Amino acid sequence: MQLGRRFIGADINLGAIQTTTKRLLGIAEELRQKSLSGETKSFTGFELHNVNHYDIFRNPVQAKELLIEALEVQKLEFNTVFDGEKDGRMVKIMPVNRIATRADLNELIHNFDQKTWQRRHNENPNRAVEKITLVCMGHEPDLAAQLILVAKPFKIDVKVVDILRDKADLEFRRDSEAKVAIKEGELVIVNFYPMNLLQKLSLQKEVVDDWRELTESVLIDWNYDGAVLQPTVLDIPSKGDLVRGIYNVPDNAGTIRVKITDLLSESWEGSVGNGD
């Protein structure tokens, strides 16, 4: 970074990411100040991208309960094969801490109800003997085709719901929202709604009154160029402290870009013009 080079770093440890993010943002600001003073021509930016959300599903049991509730699946208490039923389809929750593979279908295949399928086939040979929905977090492309193939000579209807791709199907996969205003020369974050985190807390019956308790950082670029966020305000509080939420607007501010990141490292980002 100090040489002005571009690079990509990756880590699966959420704590390490937070620590490194704070350190690199500090380095970026230090280099930017040196560049403004003419001490150096080096310039760098820094962005954090989450490529998946496995962290939400550390606990497999909790993950299954969250998915069943989010997808409004009716639980089947006495069925050891399927996890529930929805809209006439039998629902199977696949492993959610990794992509689902053909090997994960073995339990389902070994417990096919051949007798019931035979009866349904005899009653209506042209209709699928079972409608199955597989819920997963990433999957091999031929997952549904493999299950259909193994079920022959019976015809089954298989649908795959990938919660990484089909985010609209889950209530807790929602974009964050925020209300930001400029009042008497100050930028004020009126409220911040990290929707996924809020829903997770609601499922745990926890209530948080101050949005700042859910906030990891606030970054502000006073003169956003419409392409790259170059924050000059890096409000990243130490452990036990909260972000300020109110910031003095400099006289030379133009289009102001604000990025708010919650405790799940999910962010809201939006612009506001000076004078709005």
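# Chatting through a predicted model

Mentor: Let's start in the middle of the chain: strands β4 and β5 pair in the parallel sense, over seven bridges. Keep in mind that this is a predicted model.

Trainee: Okay! Which residue of β5 does Ile 132 stand opposite?

Mentor: Ile 132 faces Val 158 there.

Trainee: And what does β3 pair with?

Mentor: Strand β3, residues 89-93, pairs with β4. That pairing is also in the parallel sense, and it has four bridges. As an example, Val 91 in β3 stands opposite Thr 133 in β4.

Trainee: How many residues of β4 are buried?

Mentor: Six of its seven residues are, so β4 is largely enclosed by the rest of the structure.

Trainee: Let's talk cores. Which residues touch the most other members in the largest nonpolar core?

Mentor: Leu 108, Trp 117, Ile 132, Leu 134, Leu 147 and Ile 156 do, out of 21 residues in that core. The elements giving two or more residues to this core are β4 (130-136), α5 (143-151) and β5 (156-162).

Trainee: Which element gives the largest share?

Mentor: That would be α5, with four residues. As a bit of background, nonpolar side chains in soluble globular proteins tend to be buried together.

Trainee: I spotted Trp 117 in your list. What is Trp 117 in contact with, leaving aside neighbours within four places in sequence?

Mentor: Its contacts are Phe 112, Val 129, Glu 130, Ala 151, Phe 154 and Ile 156. There is also a second, separate core, with 18 residues. Ala 253, Ile 256, Val 258 and Trp 268 are among them.

Trainee: Back to α5 for a sec. Which of its residues are buried?

Mentor: Leu 143, Ala 144, Leu 147 and Ala 151. Looking down the axis of α5, you'd find these buried residues within an arc of 100 degrees, so they line one face of the helix.

Trainee: Why would residues a few places apart point the same way?

Mentor: An α-helix has 3.6 residues a turn, so residues three or four places apart point the same way.

Trainee: Nice. What do the buried residues of α5 pack against?

Mentor: They pack against two helices, α3 (106-110) and α4 (114-123), and against strands β4 and β5.

Trainee: What comes in the loop after α5, between that helix and β5?

Mentor: Pro 153 lies in that loop. The peptide bond leading from Lys 152 to Pro 153 is cis, and its omega is near 15 degrees.

Trainee: Changing topic: what is the strand order in the open sheet with three strands?

Mentor: The order is β6-β7-β10, and the pairing is antiparallel. At the edges are β6 (177-183) and β10 (246-248), each pairing on one side only. From one strand to the next, the twist averages 20 degrees.

Trainee: How many bridges join β7 to β10?

Mentor: Three, with β7 covering residues 186-193. Val 188, for instance, has Ile 246 in β10 as its bridge partner.

Trainee: And what is the order in the open sheet of four strands?

Mentor: There the order is β9-β8-β11-β12, again with antiparallel pairing. Its edge strands are β9 (233-235) and β12 (267-273). On average, neighbouring strands in this sheet are turned by 15 degrees against each other, direction ignored.

Trainee: How many bridges do β8 and β11 pair over?

Mentor: Six, between β8 (residues 215-221) and β11 (residues 255-262). In that pair, Thr 215 has Asp 262 of β11 as its bridge partner.

Trainee: Any odd backbone spots? What is the phi of Glu 72?

Mentor: Glu 72 has a positive phi of about 55 degrees, although it is not a glycine. Its place is in the loop between α2 (60-70) and β1 (74-75). Ser 265 has a positive phi too, near 65 degrees, and sits in the loop between β11 and β12.

Trainee: Is Ser 265 buried or exposed?

Mentor: Ser 265 is buried, with a relative accessible area of 6%. Glu 72, in contrast, counts as exposed at 57% relative accessibility.

Trainee: Last one: what is the mean pLDDT of the chain?

Mentor: The mean is 82, and 82% of the residues reach 70 or more. Among the elements, β10 has the highest mean pLDDT, 95, and helix α6 (residues 195-203) the lowest, 68. Where pLDDT is low, the predicted coordinates should not be read in detail.

Notes
Residues are numbered from 1 along each chain as its sequence is written. This is a predicted model: local features need pLDDT of at least 70, side-chain atom pairs count only at pLDDT 80 or more; totals for chains, interfaces and linings use all residues. Side-chain values use heavy atoms; hydrogens and water are left out. A nonpolar core is a set of buried Ala, Val, Leu, Ile, Met, Phe, Trp, Tyr and Cys residues joined through side-chain atoms within 4.5 Å. Buried means under 20% relative accessible area, exposed over 50%, partly exposed in between (1.4 Å probe, protein chains only). Contact means heavy atoms within 4.5 Å. Two strands pair if DSSP finds at least two bridges between them. Axes are lines fitted to C-alpha atoms, for helices over the stretch in contact, and angles run from 0 to 180 degrees between N-to-C directions. The arc is that of the directions from the helix axis to the C-beta atoms. pLDDT is the predictor's confidence in each residue, from 0 to 100.
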